[in-house]
Amino acid sequence: MAAQTLAEAAVLEGYHAQAFPYFGAERRGAPVKAFARIDKKKIGIKSQIYKPDMLVVLDEMLPDIEPIAEGLKAGGKAVINTPLAPEEYDLGISVECGTVDATTIAFEKLKAPIVNTSILGAIAKVQDLVSLDAIVQAVRDKFGDKLGARAAALNADAARTAYERTRVGRCKGEKPLAQRAQWLPAWEQMPQGGALPVATMGDMVVGPGSSWQSLTGTWRTQSPHYSKEKCIRCLRCWWSCPEGTIKRQADDYMKFDYRYCKGCGICAEICPADSIAMERGVKEW
Amino acid sequence: MTSIDVSKLTIKDVPNKDYFLWGHGACPGCGVAIAVKNIMKILGPETIAYVPASCLVVFGAQYPTSSFDVPYFFTAFENTGAVATGIRAALRRKGKKAVVVGLAGDGGTFDIGLQALSGAADRNEDILYVCLDNEAYMNTGIQMSGATPFGAWTTTSPAGKVIKGKRRFKKDIDHIVAAHEVPYLATLSISHWNDFLRKVEKAKRIEGFRFLHVFTPCVPGWRSEAAKTMEIARLAVETGMWTLLEAEQGESTLTYKPKRMESVTEYLKLQGRFAHMTPEDINTLQKWLCMKWWVHYKDQVEAPPCEIYRAEKPMAHDGDPLHGV
Amino acid sequence: MVMKVISANQAVAWGVRLSKVEVIPAFPITPQTTIVELISEFISDGEFDAEFIPGESEHSVMSIAVGASAGGVRTFTASASQGLALMHEMLYAAPQNRLPVVLVNVNRSLGAGAGIWLEHNDSMPERESGWMQVYVEDNQEALDMVIQAYRIAEDHRVMLPMMVCLDGFVLSHTVERVDIPDQDMVDRFLPKFKPLNVLSTDEPKMWNPIVPPDYAMEMRYQLDWAMDSSRQVIREVDLAFEEKFGRGYGGLFESYRLEDAEFALICLGTATTTARAVVDELRAQGKKAGLIKLRFMRPFPENELVEAVSHLKALGVFDRSISVNRFGPVFTEVRSALHDSKISLTDHIGGLGGRDLTIEEMRDIFSFIEDSAAGGTERKVFWHGLRGVQL
């Protein structure tokens with residue numbers, strides 16, 4: 001959605017623009033990719049972008065699990081949603097960066113961690129093609145259509161606030177790009193018929209029960225703090241966790257596996273003994 | 001099969017080994033994930049899972065990895081009843097035993113999947129058919145289904161200036177399945193775990209066509225807070241929007257009665273998909289629930305606030321609760 | 001071996017019984033019904049140990065077949081026309097999952113302007129699906145091909161489903177002499193089914209989840225390669241069948257009086273029988289006519305055909321269906337194969353919607369091809385038996 005609004009803003013500035021997501025099903029919170037191209041003339045390419053001029057990172061933890069900075073041009077720029085200053089943030093490739101705590105702005109203005117509109121303000125700060133005014137206009141137009149004038153005003157405000165708070169500098173490039181466990185076999189090596197047993201292929205485990213390799217804990221923006229002393233061992237949180245990441249121990253107390261917790265907060269709500277409290281941030285205990 | 005008195009089971013009896021694992025791609029707070037996780041624990045490893053097109057098929061497995069730690073198969077959207085039939089036939093021919101479970105959504109059950117469901121139920125196929133009901137076609141982006149309740153916003157029943165949300169009531173799939181006189185049918189909610197556990201354990205032990213209809217709230221589709229998923233499910237039962245029952249060979253029994261039926265507004269206010277509802281529409285919904293109270297519960301359960309309904313006009317025919325609604 | 005006078009449908013039912021198929025889901029549609037009726041009788045009389053499942057629609061029937069095959073048992077079904085069309089979505093589940101289901105399609109017009117009668121426009125569009133596709137000429141071949149189909153399909157070099165097509169009414173409801181092989185001879189010819197993959201708790205597998213772009217191309221290539229490998233297997237099985245049962249069909253196609261021919265016709269289905277008779281007539285008149293009985297549309301015998309016809313002056317293609325405003329499908333495939341050659345190609349469309357294909361019409365077809373060989377025709381496409389002007 002941010003990519004689309006950026007494209008619309010670019011068109012308001014008189015450019016040709018194109019935006020699309022990495023096509024997939026609706027899924028909230030999961031790592032997603034989107035692309036935008038802006039040009040003075042009609043755009044002739046329709047493939048994904050492999051060598052961007054600008055990288056927009058909506059979740060600061062992504063470089064830890066995906067090599068997102070791969071292909072970013074040496075003279076390119078990045079915009080990152082993080083409370084850190086550019087000089088403190090390690091993108092893996094050192095480029096001109098704008099950083100802003102878009103999550104906090106989103107919570108302030110929209111009461112929800114939806115950072116799209118805030119990040120657009122930051123994008124305006126680090127480049128000259130698309131101005132803040134165009135972005136604010138595009139944001140207003142988009143929300144005016146769907147969710148009403150009030151939403152439009154709030155989101156436009158979020159964009160402006162982000163613009164003001166964005167710090168521009170140069171981010172660090174020390175961290176090596178994340179190595180994702182991968183298996184990309186030649187057709188001759190792929191087991192026939194589209195079926196996989198439990199097996200190790202390449203450097204990953206495949207087949208039934210192999211999803212544990214996907215560390216969905218990186219999705220969360222808040223974390224459950226469990227106080228064993230208050231726990232009455234009712235087992236409700238164990239039942240209610242959609243991830244199955246609250247583990248029932250032999251004595252019926254719980255152990256939280258934070259690698260997979262998406263921070264939904266159901267456990268804290270369902271606990272009758274107040275032994276779980278949600279705290280902002282990606283934390284573990 | 002050990003003879004356990006299934007009716008005495010409680011949450012502590014839920015098995016501890018997981019067969020639907022973490023690392024899946026469901027939205028935070030997903031009701032389907034809660035349901036499937038627990039169903040798979042209860043069913044155990046001697047299970048073959050067939051999943052049609054749905055959210056579950058997208059977040060439960062993507063080549064080459066899977067959250068399902070049991071054999072898993074997928075082909076299309078509308079054929080759960082049919083593919084499960086074929087798998088069972090093969091097992092029968094080979095003299096092998098396993099639970100063949102279909103984990104379909106409401107779209108794949110109420111609408112496009114209805115034909116295959118009816119055929120399998122009619123032939124009394126030995127399969128466990130689970131309908132995970134989040135009341136719309138969620139996987140394709142929240143479009144209206146036969147399961148979408150009265151008044152709800154979806155992208156194809158939007159709350160516009162002229163037409164505000166879905167105008168028709170939810171299709172009564174439980175009666176439709178019951179009409180096939182299947183050995184076992186039950187409605188479940190993730191919020192009532194003891195009831196849920198007992199029904200899955202019971203269904204596991206019965207031969208023939210078993211239908212489990214599970215209420216599973218959806219965070220983006222219902223426009224609710226992720227943390228409230230279990231609470232929303234609980235309120236559905238407490239307001240009468242969802243009834244917990246089971247039926248064996250056509251005879252149905254309520255398995256849970258709330259102490260009193262809460263006002264439906266308690267349920268509606270937690271979900272953005274109902275935010276646009278006019279007082280008139282809420283009244284219509286409450287009236288419908290009052291009728292349900294009259295039909296199902298009467299003196300066993302304290303009535304919901306039906307004053308508006310009563311004050312509007314008396315029933316057209318004395319003692320005939322279905323008239324006039 | 002027993003000799004009976006039976007229809008192709010009955011012959012197919014015998015083929016299914018002899019092949020010891022285990023699960024047969026089916027839904028009736030004219031002109032297929034008598035196949036499943038006889039199968040049901042065999043089962044009810046305790047003569048055939050199998051499960052017949054009366055699915056509630058063809059889409060469900062193919063879904064049941066896919067489920068049963070994935071469960072690891074030999075599976076069969078039959079359909080026609082609208083029923084095959086209704087199965088279309090599920091047809092695609094079989095090849096990519098490498099499920100060797102055998103389906104007999106009794107060719108019947110699909111769509112409007114149609115009834116229950118013969119046309120090939122139901123099966124022709126399905127040649128895109130990854131199913132192997134063979135067209136039989138007579139009732140004996142129908143029985144024989146069911147048995148051969150399992151051996152070809154279940155070969156581990158192939159593991160693809162096969163559609164055996166037979167002409168509606170002309171074969172399905174016409175009785176002829178058919179030799180029914182002995183069960184033990186078939187048992188020695190047809191090995192037990194050993195699936196590539198099985199849905200089983202003994203070795204759990206994740207089978208056909210959503211496949212992201214990173215893997216799909218390689219899967220398609222495997223499918224392509226499997227279809228390519230099937231050519232060799234089809235030839236082998238044809239020879240092995242001939243050795244055991246004394247009947248050979250030539251593999252991917254059969255040539256008749258082609259070696260020294262000047263002009264020839266490519267035909268599939270029952271039109272071939274009539275064409276054979278006309279070739280003999282023409283030869284008796286001293287004319288060098290020949291015939292190719294095309295059997296397999298998939299895999300399509302491109303290289304072999306090119307070689308076999310290289311000496312001809314003219315080649316006609318008989319089509320019993322059209323791809324609207326784009327010739328008949330067999331013509332486009334043949335023409336594509338022969339794109340390098342100088343042979344004069346003509347498309348002969350006839351017998352659509354059950355219009356009877358007479359010997360006079362067949363003589364007409366050959367006379368046009370003969371003209372084409374002499375260089376006397378500009379026209380490429382002929383509709384035989386059409387009333388009215390051909391533009």
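# Chain C and its two neighbours

Chain C meets chain B through a contact that takes 36 residues from chain C and 34 residues from chain B. The largest share of chain C's side, 9 residues, comes from helix α3(C). Chain C also touches chain A, and that contact takes 17 residues from chain C and 13 residues from chain A. This is a predicted model.

**Chain C as a whole**

- Chain C contains 12 helices and 16 strands.
- Its C-alpha atoms fill a box of roughly 70 × 55 × 45 Å along the principal axes.
- A compact globule of 391 residues would have a radius of gyration near 21 Å, and chain C agrees because its own value is 21 Å.
- Buried residues make up 57% of the 391 residues in chain C.
- Take the contacts in chain C with a separation of 6 or more: 80% of them join residues 24 or more positions apart.

**The side facing chain B**

- Five elements of chain C each supply at least two residues to this side: β2 (23-26), β3 (51-54), α3 (58-70), α4 (81-91) and β9 (205-207).
- By type, the residues on this side of chain C divide into 20 nonpolar, 11 polar and 5 charged.
- Strands also pair across this contact: β4 of chain B (residues 72-73) and β9(C) run in the parallel sense, over 2 bridges.
- Within that pairing, C:Trp207 in β9(C) is the bridge partner of B:Phe73.

**The side facing chain A**

- Here β9 and α8 (213-245) of chain C each supply at least two residues.
- Helix α8(C) gives the largest share, with 5 residues.
- The residues on this side of chain C divide into 7 nonpolar, 5 polar and 5 charged.
- Strand β9(C) pairs here as well: 3 bridges join it to β7 of chain A (residues 195-197), and the two strands run antiparallel.
- A:Leu196 stands opposite C:Met206 in β9(C).

**A closer look at helix α4(C)**

- Which residues of α4(C) are buried? They are C:Ser81, C:Gly83, C:Leu84, C:Met87, C:Met90 and C:Leu91.
- These residues lie on the same side of α4(C), because they cover an arc of only 125° around the axis.
- What covers the buried residues of α4(C)? The cover includes α3, β4 (76-79), α5 (93-96) and β5 (102-107) of chain C.
- Helix α3(C) thus appears twice: it helps cover α4(C), and it supplies residues to the side that touches chain B.

**Nonpolar cores**

- The largest nonpolar core holds 253 residues, and B:Val130 and C:Val164 touch the most other members.
- Leaving out residues up to four places away in sequence, B:Val130 touches B:Ile39, B:Val101, B:Gly102, B:Leu103, B:Ala104, B:Leu212 and B:Val214.
- A second, separate core has 48 residues, including A:Val56, A:Leu91, A:Cys97 and A:Leu120.

**One residue to find: C:Asn303**

- C:Asn303 sits in helix α10 of chain C (residues 302-309).
- Is C:Asn303 buried or exposed? C:Asn303 is exposed, because it has 11 other C-beta atoms within 10 Å, and the cut-off for exposed is 12 or fewer.
- C:Arg276 is 27 residues from C:Asn303 along the chain, and their C-alpha atoms are separated by 24 Å.

Definitions and conventions:
Residues are numbered from 1 along each chain as its sequence is written. Chains are lettered from A and ligands numbered from 1 in the order in which they are written. This is a predicted model: local features need pLDDT of at least 70, side-chain atom pairs count only at pLDDT 80 or more; totals for chains, interfaces and linings use all residues. Helices (H or I, at least four residues) and strands (E, at least two) are DSSP runs, numbered from the N terminus. The radius of gyration is taken over C-alpha atoms; the globule rule is 2.2 Å times the number of residues to the power 0.38. A residue is buried if 20 or more other C-beta atoms lie within 10 Å of its own, exposed if 12 or fewer, and partly exposed in between; C-beta atoms are placed from the backbone. Two residues are in contact if their C-beta atoms, placed from the backbone, lie within 7 Å. A nonpolar core is a set of buried Ala, Val, Leu, Ile, Met, Phe, Trp, Tyr and Cys residues joined through C-beta atoms within 7 Å. Ala, Val, Leu, Ile, Met, Phe, Trp, Tyr, Cys and Pro count as nonpolar, Asp, Glu, Lys and Arg as charged, and the others, Gly among them, as polar. Two strands pair if DSSP finds at least two bridges between them. The arc is that of the directions from the helix axis to the C-beta atoms.
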